[in-house]
Amino acid sequence: MTRAIPLLIFGTILMLAVGCTPDHLMSTFDPLGPVAAEQKKVWDYVFWAMVFVFVTVLPALLYMCIKFRRKEGDPIPAQVHGNRNLEILWTVLPIIVLAVAAVPTLNVLRFVLEPPANSIQVNVTGHQWWWEFEYPELGVKTANELYVPVGHPVQFNLMSKDVIHSFWVPKLGGKMDAIPTRTNVMWYQADVVSPEEGFYGQCMEFCGTSHANMKLRVHAVDSDEFDQWVEDQTEPGPEAEELSELAAQGKDHFENLDFKATYTDGSVSQQRCAYCHTVEGLGISGARTGPNLTHLASRGTLLSAMVDNTSENLADWLENPQVMKPGSRMPNPELSDEQTAALVAYLQSLK
Ligand code: CUA
C-alpha cells in the first residue's frame, strides 16, 4: 500500500507532463511571437539551472544517506546544530541560485511591460464572463475574438468591470491580471498567421461560476486582411430594408420587445435585448452589460468562444442561457419560438 502512493504521484505527474506537448492548443512550449519566445527562454534557463541543482544535490544526498547511515553499535555522532559555517553556506547558496534566476526574469519582465511605440492599442475589459475589446484608434468595438496583424505589436490595456480576471493566449505570451480600478499594460505580437479558428485564450483567474467558460480567440491575419476586417467592423448594423422579413422582425424585437427575464437567483424583471447589448446604428448605443453585437455574425464563436457560431447554438443560447453558461448575467428570456427565430435571423445578419 505504501508503495502505491509514490506510484500514484509519479503517474499523476506523468499524465500532467504529457499535457504539455507543443502541439497542444494551449501550450506555452510552442511560442509564436517575441513575447512568448522571450518568456520561454526564461523557462528553459531556469529549468536547466534546476536540472543542474537536482543532478548535483540528489546523488550527493543519496551517497551520504547510504554511506553514513547508522550501523549497529555506532556511538551518537558529533552534533552540528548551530554550526556557523554550515548556516552561512546554506543561506548563501540559495541566494546565489535565486539571483541567477532573477537576472533573465527581470530582463524579460521589462521587455513584456514596455510595448513597442508603434503598437496597435487594444483596451481589454474583463466581464463576468466575457471579454470586451476596443481598438480606440481604429474605432472598433467587439468581444471575445480579437484580430491582430501578423508581425505587428499589439498593446493590451487590461481593465475589469467587476472582479479580477486574467488575460492569456499561451502561444503569444504569458498571462496578466485584469483588475478593477486600474489598468495593467502588456503586449503580444503574432509572428505567424493563426489557424482558421484562431489562437486559443482563456481567463486564468478564478472569477466565479463560469470562469472556465471565459475563453477567447486571437486571429492573426496579414495586414490586408486586418485592414479589411477593421473596415467591416466599423460599419453600422444593417438597415431594416436590407434585411429579410424575418430578420427585420428580429431587429424590431431586439430594439423594442419587452420580455419577462428570469435571473439565476430567481428574480424576475422586464428586459429588452438592447438594454444590455449594443448594435451600432440602432439608435440605442453604448450598452455594455453584454457583448457588443454589431458584427456578431462575423465571429466564428459564441458565448466567449465556448461554441461555434451557428443558428442552432444561437437559438439554444437565447432559449436557455443559464444552462449553456451557468451563472451567466444573461437572464432566461420568455420568448415564443417565432420571436426566437426572428432574433436569430437578425443576429445572423450582423456580418
Ligand atoms: Cu474571468 Cu476567470
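Let's start with Asn144, which is buried in this predicted model, with a relative accessible area of 7%. Buried means under 20% relative accessible area, so Asn144 qualifies at 7%. Asn144 sits in the loop between strand E3 (140-143) and strand E4 (145-149).

**Unusual backbone spots**

What is odd about the phi of Asn144? Phi there is positive, about 65 degrees, although Asn144 is not a glycine. As background, most residues other than glycine have a negative phi, and most peptide bonds are trans. Leu303 also has a positive phi, near 60 degrees, and is a residue other than glycine. Is Leu303 buried or exposed? At 10% relative accessibility, Leu303 counts as buried. Here are these two residues side by side:

| Residue | Phi | Loop | Relative accessible area |
|---|---|---|---|
| Asn144 | about 65 degrees | between E3 (140-143) and E4 (145-149) | 7% |
| Leu303 | near 60 degrees | between E13 (301-302) and E14 (307-308) | 10% |

There's a backbone surprise at Trp129 too: the peptide bond leading to Trp129 from Gln128 is cis, with omega near 0 degrees. To find Trp129, look in the loop between strand E1 (120-127) and strand E2 (130-135).

**Inside the protein**

In soluble globular proteins, nonpolar side chains tend to be buried together. In this model, the largest nonpolar core has 40 residues. Tyr135, Phe156, Phe167 and Tyr188 have the most contacts inside that core. Which strand gives the most to this core? Strand E10 (residues 215-221) does, with four residues. A second core, separate from that one, has 26 residues, including Phe254, Ala261, Tyr346 and Leu347.

**On the surface**

Not every nonpolar side chain is tucked into a core. Tyr45, Ile88, Leu89, Val92, Leu93, Ile96 and Val100 make a nonpolar surface patch of about 610 Å². Helix H3 (residues 84-113) is the top contributor to the nonpolar patch, with six residues. Tyr45 belongs to helix H2 (residues 34-67). Why is Tyr45 called partly exposed? Its relative accessible area is 39%, and partly exposed covers the range between buried, under 20%, and exposed, over 50%.

The surface has a charged patch as well. Negative charge gathers there from Glu196, Glu197, Asp222, Asp224, Glu225, Asp227, Glu231, Asp232 and Glu235. One of these, Glu225, is in helix H4 (residues 223-233). With a relative accessible area of 44%, Glu225 is partly exposed.

Methods
Residues are numbered from 1 along each chain as its sequence is written. This is a predicted model: local features need pLDDT of at least 70, side-chain atom pairs count only at pLDDT 80 or more; totals for chains, interfaces and linings use all residues. Side-chain values use heavy atoms; hydrogens and water are left out. Patches are made of residues with over 30% relative accessible area and no salt bridge: like charges are joined within 9 Å, nonpolar side chains (Val, Leu, Ile, Met, Phe, Trp, Tyr) within 5 Å. Accessible areas come from the Shrake-Rupley method with a 1.4 Å probe; for residues, only the protein chains shown count as cover. A salt bridge is a side-chain nitrogen of Lys or Arg within 4 Å of a carboxyl oxygen of Asp or Glu. Lys and Arg count as positive and Asp and Glu as negative; His and the chain ends are not counted. The place of a charge is taken as NZ of Lys, CZ of Arg, CG of Asp or CD of Glu. Helices (H or I, at least four residues) and strands (E, at least two) are DSSP runs, numbered from the N terminus. Buried means under 20% relative accessible area, exposed over 50%, partly exposed in between (1.4 Å probe, protein chains only). A nonpolar core is a set of buried Ala, Val, Leu, Ile, Met, Phe, Trp, Tyr and Cys residues joined through side-chain atoms within 4.5 Å.
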